[in-house]
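Thank you all for coming. I would like to walk through one structure this morning, beginning with a single residue and working outwards to the fold as a whole.

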Amino acid sequence: MSESPERRHYRRDSRSPRRREYVSKGAGRSSSRRRSPGPSKPYDRRPRDNGYGDRDRVRDNESKKGYSEKDREKERAVDRKRYDGDVKKEDPDAPMVEPEKPNFGNSGLLAKETNTIKGVEVKYNEPPEARKPTKNWRLYVFKGSEQVDLIHIYRQSCYLIGRDTVVTDIPIAHPSCSKQHSAIQYRQISEKNEYGDVTTTVKPFIIDLESTNGTYVNDVEIPKSRYYELRGSDVIKFGTSSREYVLLAEDASE
């Protein structure tokens, strides 16, 4: 037996007439939907980052095009200038803060790099008055009363002495000697004679490079890190080695 349309409609909406009237008028819904937005606050229209946040969006766009360190430095310079301008507006009497300027002074790293031989740093640097000798200086090496070697030391202005065979010119294998023990340096010295005339001569000197066991000239230990003048027939010893190096010279023919 089929039902009439009025009966089916009644079953679908079985609420009471008062309830249907209440719902039809919109009751029960949130009133916030009909609430009109109030006036915006003044600070809502003002950028919270004073425009500095735009660089982040620009950086994201530029990163796709190949953003480099140079571009970043430019942005930092613009930000510093903008910040200084804002500070000047707030306090006109405030001094402008200048960015730190680059320092092009000598750091010593280049000299250290150039004073390296095969990866080994040389402790000694020649002075400005370094010159090649005008005499044929030689070192006669004795062990006891026997001569064991002869070393010519007139072909260059400096001779480094020590156990390190990579950088030294005169290697010494004795364990009491340091890797870079001392150096024989020829220096141009200006002197006045009894008549007041100034003459220049090239003389040999020796300097101890702060070795552990010292350098001796005629059985006397010389000061460390200071030039000590050498003369003909001087006897040089290094550390506790028994070898003696006798300095002799003859007039150079070159």
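Asn-218 counts as partly exposed, at 39% relative accessibility, where partly exposed is the range between buried, under 20% relative accessible area, and exposed, over 50%, computed with a 1.4 Å probe on protein chains only. Although Asn-218 is not a glycine, its phi is positive, at about 55 degrees, and the residue lies in the loop between E9 and strand E10 (220-221). When I say strand or helix I mean a DSSP run, with at least two residues of type E for a strand and at least four of type H or I for a helix, numbered from the N terminus.

Before I go further, please keep in mind that this is a predicted model, in which local features need pLDDT of at least 70 and side-chain atom pairs count only at pLDDT 80 or more, while totals for chains, interfaces and linings use all residues. Residues are numbered from 1 along each chain as its sequence is written, and side-chain values use heavy atoms, with hydrogens and water left out.

Which other residue, one that is not a glycine, has a positive phi near 55 degrees? That is Glu-210, which sits in the loop between strand E8 (198-208) and strand E9 (215-217) and is exposed, with a relative accessible area of 57%.

Staying with E9 for a moment, this strand is joined to strand E12 by three bridges, and the two run antiparallel; two strands are said to pair if DSSP finds at least two bridges between them. Within that pairing, Tyr-216 has Lys-237 of E12 as its bridge partner. Lys-237 belongs, together with Val-235, to the uncovered face of E12 (residues 235-238), whereas Ile-236 and Phe-238 form the covered face.

Now to E5, residues 158-162, where five of the five residues are buried, so the strand is largely enclosed by the rest of the structure. Both of its faces are covered, with Cys-158, Leu-160 and Gly-162 on one side and Tyr-159 and Ile-161 on the other. E5 pairs with strand E7 (residues 182-192) in the antiparallel sense over four bridges, and with strand E6 (residues 170-171) in the parallel sense over two. To give one position for each partner, Cys-158 stands opposite Gln-185 in E7, and Gly-162 stands opposite Pro-171 in E6.

These strands belong to an open sheet of five, with mixed pairing and the order E6-E5-E7-E8-E11. E6 and strand E11 (227-229) stand at the edges, each with a single partner strand, so one side of each is left without a neighbour in the sheet.

Gln-185 comes up again from another direction, as Pro-127 touches Gln-185 and Tyr-227, leaving aside residues up to four places away in sequence; a contact here means heavy atoms within 4.5 Å. Pro-127 is itself in the loop between strand E2 (120-121) and strand E3 (135-143), and is buried, with a relative accessible area of 14%. Its C-alpha is 9.6 Å from that of Tyr-186, a residue 59 places away in sequence.

E3, for its part, runs antiparallel to strand E4 (residues 146-152), to which six bridges join it, with Val-141 having Asp-149 in E4 as its bridge partner. The hairpin of E3 and E4 has two residues between the strands, and Gly-144 takes a positive phi near 75 degrees there.

Turning to open space, the largest pocket is lined by 14 residues, and among those nearest its centre are Ile-117, Glu-126 and Cys-158. Strand E1 (116-117) and E5 each supply at least two residues of that lining.

Finally, a few values for the whole chain, which has five helices and 13 strands. Buried residues make up 27% of its 254 residues, and of the contacts with a separation of 6 or more, 45% are between residues 24 or more positions apart. How far should we trust the coordinates? The mean pLDDT, the predictor's confidence in each residue on a scale from 0 to 100, is 77 for the chain, and 60% of its residues reach 70 or more. pLDDT stays under 50 over residues 107-113, for which the model has one contact beyond four places in sequence. To return to the term pocket, on a 1 Å grid over the protein atoms alone, this is an open set of points where a 1.4 Å probe fits, with protein on both sides within 12 Å along at least five of seven lines, and lining residues have an atom within 4 Å of a point.
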